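User: I'd like a close look at one part of this model rather than a full tour. Pick it apart for me, and show how it ties in with what surrounds it.

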Amino acid sequence: MVEMARGFHAILFDLDGTLIRMPSPDFFDSILVETLRKLCLPPPPRRERLRLWVSGREHWRILKSWGVTDPGLFWRTFDEFDLKLRSRLIRKGAIKPYVDVESLENLHLTVPLGLVTNTSPRVTLLEVKSFNLEKYFDVIIALGTERQEDAKPEATGVLEAFKVLGCHPSDGLMVGDSDADVLAGRNAGSTVAVIKRPHVRLRVKPDMYLNSLYTLQKLVDD
């Protein structure tokens, strides 16, 4: 296995907001509100809703406090809305990869790459196939719906991906755009980099920031 500069033996990526440009910072919150209304539940205040995305195994406690009695039904309903909306927006070109994702074409020939996302398996498959991204990754782990208790910021998916890639977490790099990504990588014991996308607003400081994904290729080439 090729060793990267700075000692990284493998790189993991988040998907949405890191590799894929979403149409709005409120994309997921709008689906959350629609899901709650579909279940005849009043949406809590926005600050409370935002807690769900970094709740990890606490997600059930939070949903229960909102009146959700069946978390499986909640996430299935959420994912149905998500899949339909993304399919339409992908066709319209409103959801697409960031330009620097093209750097993975050479990067994956130099170091093993993996994908760890909280997006559901069906939506993840839609995106990676729509944009021909699956060829870059040796492992893809989608933690939404059936594996919601393992979703980032839990370390489970990150640890699984590094294991498949034959990389100890301390020798790997996690690249994301959110507090959940930073915490998941940190909880797994890996180095964490955050890509500076326009929407990025963090409360948790990563180990490093990247101006673009091209920076990773430069690290490999040095």
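How many residues of strand 6 are buried?

Analyst: Keep in mind that this is a predicted model. In strand 6, 5 of its 5 residues are buried, so the strand is mostly covered. Split it by side and you get G172, M174 and G176 pointing one way, with L173 and V175 pointing the other way, and all of them buried. That fits the general pattern: in a regular strand the side chains alternate between the two faces of the sheet.

Now the neighbours in the sheet. Strand 6 belongs to an open sheet of 6 strands, ordered 5-4-1-6-7-8, with parallel pairing. The edges are held by strand 5 (139–142) and strand 8 (208–210), and since each has a single partner strand, one side of each is left without a neighbour in the sheet. From one strand to the next, the twist averages 25 degrees. Strand 6 itself sits between strand 1 and strand 7 in that order. On one flank, strand 1 (residues 10–13) pairs with strand 6 in the parallel sense over 4 bridges, and I11 is the residue standing opposite L173. On the other flank, strand 6 and strand 7 run parallel and are joined by 4 bridges; there, M174 has V192 as its bridge partner.

Next comes what packs on the sheet here. Strand 4 (residues 113–117) pairs with strand 5 in the parallel sense, again over 4 bridges, and T117 has A142 of strand 5 as its bridge partner. Helix 8 (residues 179–188) packs on the sheet and touches both strand 6 (172–176) and strand 7 (191–195). The direction of helix 8 makes about 165 degrees with that of strand 7.

Helix 8 also contains a residue worth a stop: D179. This one is buried yet has no salt bridge, and R203, the nearest side chain of opposite charge, is 5.2 Å away. A salt bridge here needs a side-chain nitrogen within 4 Å of a carboxyl oxygen, so that pair doesn't make the cut. What the D179 side chain does reach is the backbone nitrogen of V204, at 2.9 Å. Not counting residues up to four places away in sequence, D179 touches V54, L202, R203 and V204, so R203 is in the contact list even without a salt bridge to D179.

Back to T117, which is found in strand 4. With a relative accessible area of 1%, T117 is buried. Its side chain reaches the backbone nitrogen of T119 at 3.0 Å. Leaving aside neighbours within four places in sequence, T117 is in contact with D14, L15, T124, I141, A142, L143, G144 and K152. A142, the bridge partner of T117, is thus among those contacts because the list takes in residues with heavy atoms within 4.5 Å.

For contrast with the unpaired D179, look at charges that do pair up. The structure holds 18 salt bridges. One of them joins the side chains of R197 and D100, 2.9 Å from N to O. That pair links distant parts of the chain: R197 is in the loop between strand 7 and strand 8, while D100 is in the loop between strand 3 (96–97) and helix 5 (104–107), 97 residues apart. Both R197 and D100 are buried.

D26 and R46 make another salt bridge, with the closest N and O atoms 2.9 Å apart. Here the two ends are 20 residues apart, with D26 in the loop between strand 2 (20–21) and helix 1, and R46 in helix 2. D26 is partly exposed at a relative accessible area of 35%, and R46 is partly exposed too, at 38%.

D150 and R147 also form a salt bridge, their closest N and O atoms being 3.0 Å apart. D150 counts as buried at 11% relative accessibility, whereas R147 is partly exposed at 24%. The two are part of a network of salt bridges that links R57, R147, D150, E154 and E160.

So, back to your strand: strand 6 has 5 of its 5 residues buried, strand 1 paired on one flank, strand 7 on the other, and helix 8 touching it.

Methods: Residues numbered from 1 in each chain as written. Predicted model: local features only at pLDDT ≥ 70, side-chain atom pairs only at ≥ 80, totals over all residues. Heavy atoms only, no water. Pairing = 2+ DSSP bridges. Axes fitted to C-alpha atoms, helices over the stretch in contact; angles between N-to-C directions. Buried < 20%, exposed > 50% of the residue type's maximum accessible area, 1.4 Å probe, protein only. Lys, Arg positive; Asp, Glu negative; His and termini not counted. Polar contact = N/O pair within 3.5 Å; in protein donor to acceptor, adjacent residues only side chain to side chain.
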